[in-house]
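User: I would like to learn how to read a structure like this one. Could you walk me through the features, one by one?

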Amino acid sequence: MTVMTDRPQMLTEEFETVARVAAREVEGLRFEFINGKLGVKAGPDGDHGTIIVWLSRMCMQSRPDLWFYAEQGIKVQRYRNGRARPDGVLVLTASLAGHGEWAEPDPVLMVVEVTSYDTDTDARDRHEKPRGYAETGIPVYLLIDREKCEVTVHGEPDGSRYESARTVPFGKDIEIPEPVGITLATEPLKEWVH
């Protein structure tokens, strides 16, 4: 018997149908499809939401030409057959207008994930998603890790992984490289790790 390890659980089109129906039926239920596997994204708590609002303000104050979309679905991975719903997507002004629920990733400058306190965080936010975002060619992946009280900026995607990653503890400034090109003062994050 031959074991098929790279076979997806379902086709991308089937996933989109399941995700659409589930979103209509169960408020707050958010599915993702990474590496051919269906995943459930944890609902945000108040601190998680506060971090997203704070980060969107910091990005747009530093660069008014940037727009921050929360929860925008994007097509990811090498052949764009994956579907991720990052906590935040940073683009140039209104460049996701008209894209629909699962946007093409070409205009995306940076994706953001804020860890949740669930069992899938390690695999999803620290391993699977960085690989999927790098395969897609998204220039920057920002991980705000509430469990570790760290911020990691991944950059220089090479088509399979990010070649650079810089991590600082909450409280230290961190440079987010071009095409974003801003410095993020992370001191406020200390208040939102409950």
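Analyst: Gladly. Let's start with a cut-off: a residue is called buried under 20% relative accessible area, exposed over 50%, and partly exposed in between. Alanine 94, with a relative accessible area of 30%, is therefore partly exposed. Please keep in mind that this is a predicted model.

User: Where does alanine 94 sit, and what is its phi?

Analyst: Alanine 94 lies in the loop between strand E6 (88-92) and strand E7 (102-103). Its phi is positive, about 55°, although alanine 94 is not a glycine.

User: Which residue other than glycine also has a positive phi, near 65°?

Analyst: That is glutamate 71, with phi near 65°. Glutamate 71 belongs to the loop between strand E3 (66-70) and strand E4 (73-76). Its relative accessible area is 23%, so glutamate 71 counts as partly exposed. You can also look across the fold from there: the C-alpha atoms of glutamate 71 and valine 89 are separated by 7.6 Å, while the two residues are 18 apart along the chain.

User: Let me step back to the whole chain. How many helices and strands does the protein have?

Analyst: There are three helices and 13 strands. The radius of gyration is 16 Å, close to the 16 Å that the globule rule gives for 194 residues, so the protein is as compact as a globular protein of that length. Taken along the principal axes, the C-alpha atoms fill a box of roughly 55 × 35 × 35 Å.

User: What share of the residues is buried, and what is the accessible surface?

Analyst: Of the 194 residues, 47% count as buried. The accessible surface comes to about 9800 Å², and 52% of that belongs to carbon and sulfur atoms.

User: How do I read contacts between residues that are apart in sequence?

Analyst: The idea is to ask how far along the chain the partners of a contact lie. Here, among contacts between residues at least 6 apart in sequence, 53% join residues at least 24 apart.

User: Which residues does glycine 73 touch, and is it buried or exposed?

Analyst: Glycine 73 is in strand E4. With a relative accessible area of 1%, glycine 73 falls under the 20% cut-off and is therefore buried. Leaving aside neighbours within four places in sequence, glycine 73 is in contact with Ala84, Arg85, Glu101, Trp102 and Ala103. Its C-alpha is also 9.9 Å from that of phenylalanine 31, a residue 42 places away in sequence.

User: What does alanine 22 touch?

Analyst: Not counting residues up to four places away in sequence, alanine 22 touches Leu29 and Phe31. Alanine 22 is found in helix H1, and at 12% relative accessibility it counts as buried.

User: Where is glycine 28, and is it buried or exposed?

Analyst: Glycine 28 is in the loop between helix H1 (12-25) and strand E1 (30-34). At 52% relative accessibility, glycine 28 passes the 50% cut-off and so counts as exposed. For a distance to check on your screen, glycine 28 and proline 44 are 9.2 Å apart, C-alpha to C-alpha, with their positions 16 residues apart in sequence numbering.

User: Which peptide bond is cis?

Analyst: Look at the bond from glutamate 178 to proline 179: this peptide bond is cis, with omega near 15°. Proline 179 is found in the loop between strand E12 (173-176) and strand E13 (182-185).

User: As a biochemist I always look at cysteines. How many disulfides does the structure hold?

Analyst: The structure holds zero disulfides. Two cysteines make a nice exercise in accessibility: cysteine 59, at 0%, counts as buried, whereas cysteine 149, at 31%, counts as partly exposed.

User: Lastly, how far apart are the mean positions of the positive and negative charges?

Analyst: Here you take the mean position of each kind of charge and look at the distance between the two. For the 23 positive and 33 negative charges of the protein, the mean positions are 2 Å apart.

Terms used. Residues numbered from 1 in each chain as written. Predicted model: local features only at pLDDT ≥ 70, side-chain atom pairs only at ≥ 80, totals over all residues. Heavy atoms only, no water. Helix = DSSP H or I, 4+ residues; strand = E, 2+ residues; numbered from the N terminus. Rg over C-alpha atoms; globule rule 2.2 N^0.38 Å. Buried < 20%, exposed > 50% of the residue type's maximum accessible area, 1.4 Å probe, protein only. Contact = heavy atoms within 4.5 Å. Areas by Shrake-Rupley, 256 points an atom, 1.4 Å probe, with all protein chains shown as cover. Lys, Arg positive; Asp, Glu negative; His and termini not counted. Charge placed at Lys NZ, Arg CZ, Asp CG, Glu CD. Disulfide = S-S within 2.5 Å.
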